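Let's take a walk through this fold together, starting from the sheet and working outwards to the loops.

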Amino acid sequence: MEKVGNKSILVICGPGNNGGDGLVCARHLKVLGYKPVIYYPVRTEKQLYNSLTTQCTNMAVPFLQMLPELSTVECTFALIVDAVFGFSSFKPPVTEAFVARIDLMKKATVPVVSIDLPSGWHVDNGEPEERSGLLPEMLISLMCPKRGALDFRGIYHYLGGRFVPAALEEKFEMNLPEYPGTDCCVLISCDCEDEEHQKEH
Ligand SMILES: NC(=O)C1=CN([C@@H]2O[C@H](COP(=O)(O)OP(=O)(O)OC[C@H]3O[C@@H](n4cnc5c(N)ncnc54)[C@H](O)[C@@H]3O)[C@@H](O)[C@H]2O)[C@@H](O)CC1
């Protein structure tokens, strides 16, 4: 995150719960002193999402009306948060209306952080068969890594969600890693030569 500097962070939100995670992520980024900017064109009328949107608006997090051009993304943003689709209600392939968002993230040289699963991937089968899927630099799995995340070829894979009851973990043989200290996330793989970063986690 130290590489973000003074640049903004583009948070691209989808229509379901993964998009809701994106709104929460934007709010936290703002609280932590970063400059998130949200693109959230397809909204639901559910109260939860209205509230999350209101919280971001009240915290002066800007909402974009249009998906920015690739050239704008390259010069304005230091990071893209992919909160378009996760798993569960999402069933690949991505429909036409969402292709531009996924393509933008695929083409951008700006690093992408995907929430729970890279958008467009299948929860069990992972990256689309033709291996033309989104390849984020970082993946933050929630609760437990999904089987499809085995296809992840980025650098950092974190697990977030120190909330799984022990009985549930045992019942489903999740074998979750230990969370260090009081941290709510844990680095579960790091394909990097940054020894300091690895030692820290
Ligand atoms: N299920 C849970 O217990 C939790 C889920 N969470 C988040 O919720 C995500 C799952 O949320 P959802 O089940 O709402 O699923 P998603 O948010 O992945 O997607 C659902 C939306 O995508 C649309 N959709 C489905 N298939 C599509 C396609 N092929 N092309 C275009 N649109 C399509 C659906 O109509 C729906 O609007 C997780 O990945 C995670 O990020 C977390 O907030 C933690 C708890």
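## How the strands pair

Two strands count as paired here if DSSP finds at least two bridges between them. By that rule, S1 and strand S4 (residues 77–83) are partners, pairing in the parallel sense over six bridges. Keep in mind as you look around that this is a predicted model.

The whole sheet is open and has eight strands, in the order S3-S2-S1-S4-S5-S6-S7-S8, with mixed pairing. Its edges are strand S3 (63–64) and strand S8 (185–190), each of which pairs on one side only.

## Strand S1, on both sides and both faces

S1 also has S2 (residues 35–39) as a parallel partner, and five bridges join the two. Ile-9 is a handy residue to click on: it stands opposite Pro-36 in S2 and opposite Leu-79 in S4. Further along S1, Ile-12 stands opposite Tyr-39 in S2.

Is S1 enclosed by the rest of the structure, or open to the outside? Buried means under 20% relative accessible area. Six of the six residues of S1 (residues 8–13) are buried, so this strand is largely enclosed by the rest of the structure. In a regular strand, side chains alternate between the two faces of the sheet. In S1, both faces are covered: Ser-8, Leu-10 and Ile-12 are buried on one side, and Ile-9, Val-11 and Cys-13 are buried on the other.

## From S2 to the edge at S3

S2 is mostly covered too, with four of its five residues buried. The route into S2 from S1 goes by helix H1 (residues 17–31), and S1, H1 and S2 make a right-handed β-α-β unit.

S2 pairs with S3 in the parallel sense over two bridges, and Tyr-39 stands opposite Leu-64 in S3. The chain crosses from S2 through H2 to S3, and this β-α-β crossover is right-handed.

Past S3, Leu-67 lies in the loop between S3 and helix H3 (70–76). With a relative accessible area of 22%, Leu-67 is partly exposed. Leu-67 and Ile-38 are 29 residues apart along the chain, and their C-alpha atoms are separated by 9.8 Å.

## The nonpolar core

In soluble globular proteins, nonpolar side chains tend to be buried together. Which residues of the largest nonpolar core touch the most other members? Of its 20 residues, they are Ile-9, Val-11, Leu-23, Ile-38 and Tyr-40. The elements that give two or more residues to this core are S1, H1, helix H2 (47–58), S4 and S5. The largest share, four residues, comes from S4.

So Ile-9 ties several threads together: this residue is buried, stands opposite residues in S2 and S4, and is among the core members with the most contacts to other members.

## The largest pocket

Now for the open space. The largest pocket has a volume of about 1300 Å³. Its lining has 31 residues, and those nearest the centre are Met-1, Val-113, Met-138, Ile-140 and Tyr-158.

What is the lining made of: how many nonpolar, polar and charged residues? It divides into 21 nonpolar, five polar and five charged. H1, S4, strand S5 (112–115), strand S6 (138–142) and strand S7 (156–160) each supply at least two lining residues. H1 gives the most, with five.

## Backbone details in the loops

Three loop positions deserve a look if you are checking the backbone. The peptide bond from Pro-92 to Pro-93 is cis, with omega near 5°. Pro-93 is placed in the loop between S4 and helix H4 (96–107).

The other two have positive phi without being glycine. For Asp-116, phi is about 75°, and this residue is in the loop between S5 and S6. Asn-175 has phi near 50° and is found in the loop between helix H5 (166–171) and S8. Which of these is buried and which is exposed? Asp-116 counts as buried at 7% relative accessibility, whereas Asn-175 is exposed, with a relative accessible area of 69%.

Technical notes: Residues numbered from 1 in each chain as written. Predicted model: local features only at pLDDT ≥ 70, side-chain atom pairs only at ≥ 80, totals over all residues. Heavy atoms only, no water. Buried < 20%, exposed > 50% of the residue type's maximum accessible area, 1.4 Å probe, protein only. Right-handed = clockwise from strand over helix to strand, strands pointing away. 1 Å grid on protein atoms, 1.4 Å probe; cavity = no way out; pocket = protein on both sides within 12 Å on 5 of 7 lines; lining within 4 Å. Points joined across faces, edges and corners; volume = space filled by probe spheres on them. Nonpolar A, V, L, I, M, F, W, Y, C, P; charged D, E, K, R; others polar. Core = buried A, V, L, I, M, F, W, Y, C linked by side-chain atoms within 4.5 Å.
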